[in-house]
Amino acid sequence: MHRSRSLPPLDGLSALLAAADAGSFTAAAEALHITHGSVSRRIAALEAWLGTSLFERHGRGVRLTPAGQRFAAEARRSLDALSRSAEHWRPWRGRQTVRLTTVPSFARLWLLPRLVEIERDDIHVELLMEHKATDLDAREADVAIRYGRGPWDGLDARLLFQERLVPAAAPPIAARLGPMTSEAALHAEPLLHDSDTSQWRSWLAGAGLRYRPRWQDRRFEDYDSVLAAAAAGLGICLLRQPLAGSWIDSGRLATIGARAEPNPAAHHICLRRGEERGAVIELADRLHELAGARPDLSSTA
């Protein structure tokens, strides 16, 4: 009964994990800067506390027993939890680095122009611009700005902002079509989009029209490439407000008509569930505050 309530020898845990990672007591001793005999004694004490063998010898090394595998995994999880808790309570010292991942178009259109304001003097954002969905649980990044409808398993997702969709084109094309152009006439023009056609489908459905890909339509990898193509006179795009509002303000694009439809997708700030690192939470709060989004937080079920 007393043994079940006592703590394991803590130096034995470090020896256990080092030997499990290295595959030998000798390599574990080198990693911990202690002797081979010290590693053996620490693991022996841990095995005595646990009441079972943790390693078996093979060749010139060692490997975990089935019980050792289960205990090492539990020990690693527990130590990771302690480390995360320490991050929550430890005061900040100097500038904290937070890794943020998002698609390149969002970074160029919204994030980069605001990055200095977001970082201030205490956070450094290591920006990862990529199209794949980064695994936060695997700690490939600390914060993800994801575009979609959500929710995402294992993540806390907070709405960044909603978008409205309105057709836009280069000013000469917008002037030719005129502010009162019909949806059918606009549909006859070349339509520009990225890999997500749900926006055009949604906007046209609001006028009782069905979107079908045609030869004159053009697809681009990134949304800011869609905007650049529209400004070059290649066709009609859907302007996502407020994400691309600067393209109207600068005169590179002009809206066509007044009908706007809500974007079926939105950008969300995503953190791994149970995130406790202060700098990560602070960065998410600053993004949310700057976007002026609603303060609700929706966790996945």
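This text walks through aromatic pairs, charges over rings, one buried aspartate and the cysteines. The model is a predicted one.

Start with the aromatic rings. A pair of aromatic rings is described by the distance of the centres and the angle of the planes. The count here comes to six aromatic pairs. Take F25 and F55. Their ring centres are 5.5 Å apart, and their planes stand at 90 degrees. Planes over 60 degrees apart count as edge-to-face, so the pair F25 and F55 is edge-to-face. This pair links distant parts of the chain. F25 belongs to helix 3, residues 25-32. F55 belongs to strand 1, residues 55-58. The two are 30 residues apart. F25 and F55 are both buried.

Now turn to W110 and F161. They too form an aromatic pair, with 5.9 Å from centre to centre. The angle between their planes is 50 degrees, and the pair is tilted. W110 sits in helix 6, residues 104-111, while F161 sits in strand 6, residues 155-161. The pair therefore ties together parts that are 51 residues apart in sequence. Both W110 and F161 are buried. F106 joins them: F106, W110 and F161 form one aromatic cluster.

Rings also meet charges in this model. Look at W247. The charged end of R252 sits over the W247 ring, 3.9 Å from the ring centre. W203 has an arginine over its face as well. That residue is R259, at 3.9 Å from the centre of the W203 ring.

W247 leads on to an acidic residue. D224 is in contact with W247. D224 lies in helix 11, which covers residues 223-231. Is D224 buried or exposed? Its relative accessibility is 13%. Buried means under 20%, so D224 counts as buried. What does D224 touch beyond its neighbours within four places in sequence? Its contacts there are S105, R108, L109 and W247. Helix 6, the helix of W110, spans residues 104-111.

Finish with the cysteines. A disulfide is a covalent bond between the sulfur atoms of two cysteines. How many disulfides does a search of the whole structure find? The search finds zero. C237 has 0% relative accessibility, so C237 counts as buried. C270 is also at 0% relative accessibility and therefore counts as buried.

Note on methods
Residues numbered from 1 in each chain as written. Predicted model: local features only at pLDDT ≥ 70, side-chain atom pairs only at ≥ 80, totals over all residues. Heavy atoms only, no water. Helix = DSSP H or I, 4+ residues; strand = E, 2+ residues; numbered from the N terminus. Buried < 20%, exposed > 50% of the residue type's maximum accessible area, 1.4 Å probe, protein only. Contact = heavy atoms within 4.5 Å. Phe/Tyr/Trp six-rings, centres within 6.5 Å; stacked < 30°, edge-to-face > 60°. Lys NZ or Arg CZ within 6 Å of the ring centre and 35° of its normal. Disulfide = S-S within 2.5 Å.
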